[in-house]
Amino acid sequence: MTSSQPDLIRSAFGRFATGVTVVTTVGTNDRKVGMTASSFNSVSLDPPMVLWSAGTQASEYEVFANCDKFAVHVLSEKQTDLSNRFATPDIDKFEGVDWQLSSNNLPVLSDCPLCLQCETVASHQASDHKIIIGLVIDVDFGSEEPPLLYYGSAYHKLGDSI
Ligand SMILES: Cc1cc2nc3c(=O)[nH]c(=O)nc-3n(C[C@H](O)[C@H](O)[C@H](O)COP(=O)(O)O)c2cc1C
């Protein structure tokens with residue numbers, strides 16, 4: 001079913017609303033890389049662990065699949081451009097983007113609601129994705145803007161609480 005009905009599966013998975021993150025790390029010679037990912041989730045509070053998955057379609061898949069550290073940036077509703085930029089192939093994703101190198105040697109983007117710097121503690125290959133699990137080593141709260149949401153293959157803003 002999964003291979004013959006990709007549209008159905010896409011619609012099904014699209015019913016699950018997520019936030020949007022940009023994950024960054026460094027490759028060889030400290031080359032900074034980043035990609036948009038909505039597969040982020042928290043795993044445990046103690047120890048503080050998170051996960052996300054990188055697909056082999058990503059040009060920097062090998063870098064992420066083998067990195068020992070990464071930074072997850074939770075995006076705000078004002079950062080759709082940043083999300084699109086880090087999901088656009090064949091461009092310098094950091095051009096025109098404010099960032100700085102952290103003490104963990106990770107590229108940290110400015111003005112995001114949250115940045116979690118993580119050490120990779122485990123990973124698991126699952127078909128054409130690698131699930132990457134990280135231990136949070138630094139938490140930085142940034143902008144107070146509401147989060148950017150992703151639902152049904154489109155961006156959304158947070159609604160009222162119920
Ligand atoms: C909202 C959104 C969420 C995405 N989530 C993921 C994800 O969780 N994992 C993934 O591998 N790709 C995800 N992508 C796709 C990658 O961002 C994209 O394939 C890639 O980074 C494009 O640039 P590249 O070809 O230079 O890698 C997402 C794209 C968007 C727009």
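**Overall fold, core and ligand shell of the predicted model**

For a chain of 162 residues, a compact globule would be expected to have a radius of gyration near 15 Å, and the protein chain, with 16 Å, agrees with that expectation. The structure is a predicted model, and its C-alpha trace spans about 45 × 40 × 35 Å along the principal axes. The secondary structure of the protein chain amounts to 3 helices and 12 strands. Of the 162 residues, 28% are buried. Among contacts with a separation of 6 or more, 63% are made by residues 24 or more positions apart.

The largest nonpolar core has 29 residues, of which Val 23, Phe 64, Phe 70, Ala 71, Val 72 and Leu 75 touch the most other members. Two or more residues of this core are given by each of β2 (21–26), β3, β5, β6 (69–74), β8 (107–109), β9 (114–126) and β11 (148–151), and the largest share, 4 residues, comes from β6. The surroundings of Phe 64 illustrate how this core is assembled from separate parts of the chain: when neighbours within four places in sequence are left aside, Phe 64 is in contact with Val 23, Thr 25, Ala 54, Ala 58, Phe 70 and Ile 132.

Strand β2, which carries Val 23 and Thr 25, is mostly covered, with 6 of its 6 residues buried. In a regular strand the side chains alternate between the two faces of the sheet. In β2 both faces are covered, since Thr 21, Val 23 and Thr 25 on one side and Val 22, Thr 24 and Val 26 on the other are all buried. Strands of a sheet pair through backbone hydrogen bonds, in either a parallel or an antiparallel sense. β2 pairs with β3 in the antiparallel sense over 6 bridges, and with β6, also in the antiparallel sense, over 4 bridges. Thr 21 takes part in both pairings, standing opposite Ala 37 in β3 and having Val 74 as its bridge partner in β6. The connection between β2 and β3 is a hairpin with 5 residues between the strands, and Asn 29 in the turn has a positive phi of about 60°.

A separate description applies to the open sheet of 3 strands, in which the order is β1-β11-β12 and the pairing is antiparallel. β1 (18–19) and β12 (154–157) stand at the edges of this sheet, each with a single partner strand, so that one side of each is left without a neighbour in the sheet. β11 and β12 run antiparallel and are joined by 4 bridges, and Leu 149 stands opposite His 156 in β12. β11 also belongs to the elements that give two or more residues to the largest nonpolar core.

The ligand is surrounded by 17 residues, the closest being Met 35, Ala 37, Ser 39, Gly 55 and Pro 89. Strands β3 (32–37) and β5 (49–55) each supply at least two residues of this shell, and both strands also give two or more residues to the largest nonpolar core. By class, the shell comprises 8 nonpolar, 8 polar and 1 charged residues. Ala 37, one of the closest residues to the ligand, is also the residue of β3 that stands opposite Thr 21.

Several loop positions show notable backbone geometry. The peptide bond from Asp 46 to Pro 47 is cis, with omega near 5°, and Pro 47 lies in the loop between β4 (41–44) and β5. Asn 105, in the loop between β7 (99–101) and β8, has a positive phi of about 65° although it is not a glycine; this residue counts as exposed because it has 12 C-beta neighbours inside 10 Å. Asp 111, in the loop between β8 and β9, likewise is a residue other than glycine with a positive phi, near 65°, but Asp 111 is partly exposed, with 15 other C-beta atoms within 10 Å.

Towards the start of the chain, Gln 5 is found in the segment before α1 (6–14), and with 11 C-beta neighbours inside 10 Å this residue counts as exposed. Gln 5 and Phe 40 are 35 residues apart in sequence, and their C-alpha atoms are 25 Å apart in space.

Methods
Residues are numbered from 1 along each chain as its sequence is written. This is a predicted model: local features need pLDDT of at least 70, side-chain atom pairs count only at pLDDT 80 or more; totals for chains, interfaces and linings use all residues. A residue is near a molecule or strand if its C-beta atom, placed from the backbone, lies within 6 Å of it. Ala, Val, Leu, Ile, Met, Phe, Trp, Tyr, Cys and Pro count as nonpolar, Asp, Glu, Lys and Arg as charged, and the others, Gly among them, as polar. The radius of gyration is taken over C-alpha atoms; the globule rule is 2.2 Å times the number of residues to the power 0.38. A residue is buried if 20 or more other C-beta atoms lie within 10 Å of its own, exposed if 12 or fewer, and partly exposed in between; C-beta atoms are placed from the backbone. Two residues are in contact if their C-beta atoms, placed from the backbone, lie within 7 Å. A nonpolar core is a set of buried Ala, Val, Leu, Ile, Met, Phe, Trp, Tyr and Cys residues joined through C-beta atoms within 7 Å. Two strands pair if DSSP finds at least two bridges between them.
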